[in-house]
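I opened a notebook page for this structure and set out to look up its contacts, its cavities, one strand and one tryptophan. The entries follow in the order I made them.

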Amino acid sequence: MLGICRGRRKFLAASLTVLFVPAITWIYLFAGSFEDGKPVSLSPLESQPHSPRYTASSQRDRESLEVRMREVEEENRVLRKQLSLAQGRGASHHRSNHSKTYSMEEGTGDSESLRASIVAGNSSECGQQPAVEKCETIHVAIVCAGYNASRDVVTLVKSVLFHRRNPLHFHLIADAIAKQILATLFQTWMVPAVRIDFYDADELKSEVSWIPNKHYSGIYGLMKLVLTKTLPSNLERVIVLDTDITFATDIAELWAVFHKFKGQQVLGLVENQSDWYLGNLWKNHRPWPALGRGYNTGVILLLLDKLRKMKWEQMWRLTAERELMSMLSTSLADQDIFNAVIKQNPFLVYQLPCFWNVQLSDHTRSEQCYRDVSDLKVIHWNSPKKLRVKNKHVEFFRNLYLTFLEYDGNLLRRELFGCPSEADVNSENLQKQLSELDEDDLCYEFRRERFTVHRTHLYFLHYEYEPASDNTDVTLVAQLSMDRLQMLEAICKHWEGPVSLALYLSDAEAQQFLRYAQGSEVLMSRHNVGYHIVYKEGQFYPVNLLRNVAMKHISTPYMFLSDIDFLPMYGLYEYLRKSVTQLDLANTKKALIIPAFETLRYRLSFPKSKAELLSMLDMGTLFTFRYHVWTKGHAPTNFAKWRTATTPYRVEWEADFEPYVVVRKDCPEYDRRFVGFGWNKVAHIMELDAQEYEFTVLPNAYMIHMPHAPSFDITKFRSNKQYRICLKTLKEEFQQDMSRHYGFAALKYLTAENNS
């Protein structure tokens, strides 16, 4: 006890010295700065020999003052060092008398660095860490495979982009599925100062497939082991992250920690915050060898250049082979092997403060990582339970995660001040096209929408499709917004074939859709439905862009171009497959027309046959589609002939014709200039006719439009005169474009429009 008191007295004396010596020094200097009661200027200009106030005496006084200032500063530096050592001894004594806790202040790999890294909060390290260069690129590597991981990684990326102030280079080790999804997402996201490179995860399987792994991440959970071989040889350092990470701070702070590595430290890791590697979680629990509690590999700092020189590849392979002889398989994928290597070579690791990886897993001690939730830097949802994990502050963590989950990704398209982005051809072309538009044009917003790049997330849910052996398969193509979500289950019950849907949603609505789909037995039982999210931007509903997205991502040779408000007749899928064969759709330019009907009743006993439909038509339960408001749209189908037809029959194009058709997948896209309500299908059918498609009505097929509230766009069309004027202008421009493209044959469209 006496020793402790003596230490405290020394600590107090040192503290008082540090406080009072600078004060006395500055009093002395302040007094010496006056001459004859007037302040002596220390300005360089006034200290020149030509200054009238300059004297030999004052120069000597100044020199003596400067010498004294340097002496005092040196004394202060020594005292500060003594004070730091006293704090370190006090903290060490405290730790030796108490069980170890997961302090925010731990982390570095050696005791000297540990004392230097003591911090009080989330921002107190700023003065100690070497600053990251203003426009220095930060490299981040992520292993991502499959549909779910591709969706989860977006939240991680959003959290990083939200806080970042530096250019980012993401290195994505991805399978074919994740590459398709994420390549499209980042290409349409167009975030400045972000570069994406992909590495084929399937090519790396042979490197780790010999390791049995029980972890739910499967073979992809082992691929962080081969990053030294996978990533470019000139890449010296990289931050490696799991997809279930959320950042609460600027990633540059973590990047700056590389400057603290010393000696042979090549791995920056946070200590594992559960008792897993202590082997006491249950009876006969036998984990892989680890140093103490081991380390978690959800966040890793890798010094790639040094790892390559150390022959990391050989090091981890030999360790894995040796341990697998007794362990037989890994339980925590790459983490087990990393820990086994560190157990044998503890000098490799630099221990990061645990707030860089607050692990919300089962049996975690993460609550000891922070004094307050504001101290957090990185949250790791490394429990299979994810958001349902138990933690005292789980509501805060969940809300932080949900904030980024539902955050509007379009807001992250911001330039980094003072850091010019690399030249991007697509971005430059877009800016050029937009600059050519006249902002004073009353139809400017309509024209601008044609060039708007909408962020697109393909295959938002799991998708599986087995190609039909007879090459006759047909995909139903449609688009929708949140207010038509209730139609999905009914369509899936009526159509058993593949479906491609483009959904126009905000980030928050996309999550509502996800919860809706996951709660639906009907939707979850169907894996051949591709859901493609096109994120909201601008004031118009980009109906034709949505159709093009859904069309582009089909896996079948034929497609049924429908709308979400229509229910196809039962058995239509099989009927269409037979029809494409009978009518030789593979070798002819045909558009097979599905006659469209409608009901005004929200509850309808759906007709199970053509005879039943005709009976309902006669009774007034059903009507030909839009007969009372837009007869021209479907009149050329010739419903009178269809009533008695038993074989397919050909019809001719007429003005304003807009039937629903089955075509080959190589048919022309919809014209993007038409947004919202009006002429979006009419223009497409006109182009099919210009390309000499033959319109053939199927005699035993039908679809029925279900009633719904008017869309926002049709309301604008009816109430806004300028909307109608702009639509008319766009129609005329489209017809002129058709004439230029198809020549003399396209003149009939102008004539038909004038006569209609």
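What percentage of the contacts in the protein chain with a separation of 6 or more is between residues 24 or more positions apart? I looked this up in the model, which is predicted, and got 79%.

**Entry: whole chain**

I counted 25 helices and 25 strands in the protein chain. The chain has 756 residues, and 52% of them are buried. For the exposed surface I noted about 36300 Å², with 53% of it supplied by carbon and sulfur atoms.

**Entry: cavities**

Rolling a probe the size of a water molecule over the atoms shows where empty space is left. I searched the whole structure and found six cavities of 30 Å³ or more.

I took the largest cavity, which holds about 80 Å³ of space. Which residues line the largest cavity? I listed Arg-151, Val-154, Thr-155, Lys-158, Leu-405, His-457, Phe-460, Asp-507, Gln-511 and Tyr-535. Sorted by class, this lining has four nonpolar, three polar and three charged residues. Two helices, H4 (146–163) and H16 (507–518), each supply at least two residues of the lining. H4 gives the most, with four residues.

I then turned to the second largest cavity, with about 50 Å³ of space. Its lining consists of Leu-561, Pro-659, Tyr-660, Val-661, Tyr-670, Lys-681, His-684 and Ile-685. Strand E23 (660–664) and helix H22 (680–690) are the elements that give two or more residues to this lining. H22 has the largest share, three residues. By class I recorded six nonpolar residues, one polar and one charged.

**Entry: strand E19**

E23 came up again as a partner of strand E19, so I looked at E19 next; three bridges join the two strands, which run antiparallel. In this pairing, Leu-592 of E19 has Val-662 of E23 as its bridge partner. E19 is also joined to strand E24 (residues 694–697), by four bridges, and these two run parallel. Opposite Lys-590 I found Glu-694 in E24.

Why is E19, residues 590–594, described as largely enclosed by the rest of the structure? Five of its five residues are buried, so the description follows. The cut-off behind "buried" is under 20% relative accessible area.

In a regular strand the side chains alternate between the two faces of the sheet. I therefore checked each side of E19 and found both faces covered. Lys-590, Leu-592 and Ile-594 are buried on one side, and Ala-591 and Ile-593 are buried on the other. I noted that the list of buried residues includes a lysine, Lys-590.

**Entry: Trp-630**

Where is Trp-630 placed? I found Trp-630 in the loop between strand E21 (623–624) and helix H21 (639–644).

Is Trp-630 buried, partly exposed or exposed? Its relative accessible area is 32%. Buried would need under 20% and exposed over 50%, so Trp-630 counts as partly exposed.

I then looked for contacts of Trp-630, not counting residues up to four places away in sequence, and found that Trp-630 touches Asp-656 and Glu-658. Asp-656 is 26 residues from Trp-630 along the chain, and their C-alpha atoms are separated by 9.2 Å.

Terms used. Residues numbered from 1 in each chain as written. Predicted model: local features only at pLDDT ≥ 70, side-chain atom pairs only at ≥ 80, totals over all residues. Heavy atoms only, no water. 1 Å grid on protein atoms, 1.4 Å probe; cavity = no way out; pocket = protein on both sides within 12 Å on 5 of 7 lines; lining within 4 Å. Points joined across faces, edges and corners; volume = space filled by probe spheres on them. Nonpolar A, V, L, I, M, F, W, Y, C, P; charged D, E, K, R; others polar. Buried < 20%, exposed > 50% of the residue type's maximum accessible area, 1.4 Å probe, protein only. Contact = heavy atoms within 4.5 Å. Areas by Shrake-Rupley, 256 points an atom, 1.4 Å probe, with all protein chains shown as cover. Pairing = 2+ DSSP bridges.
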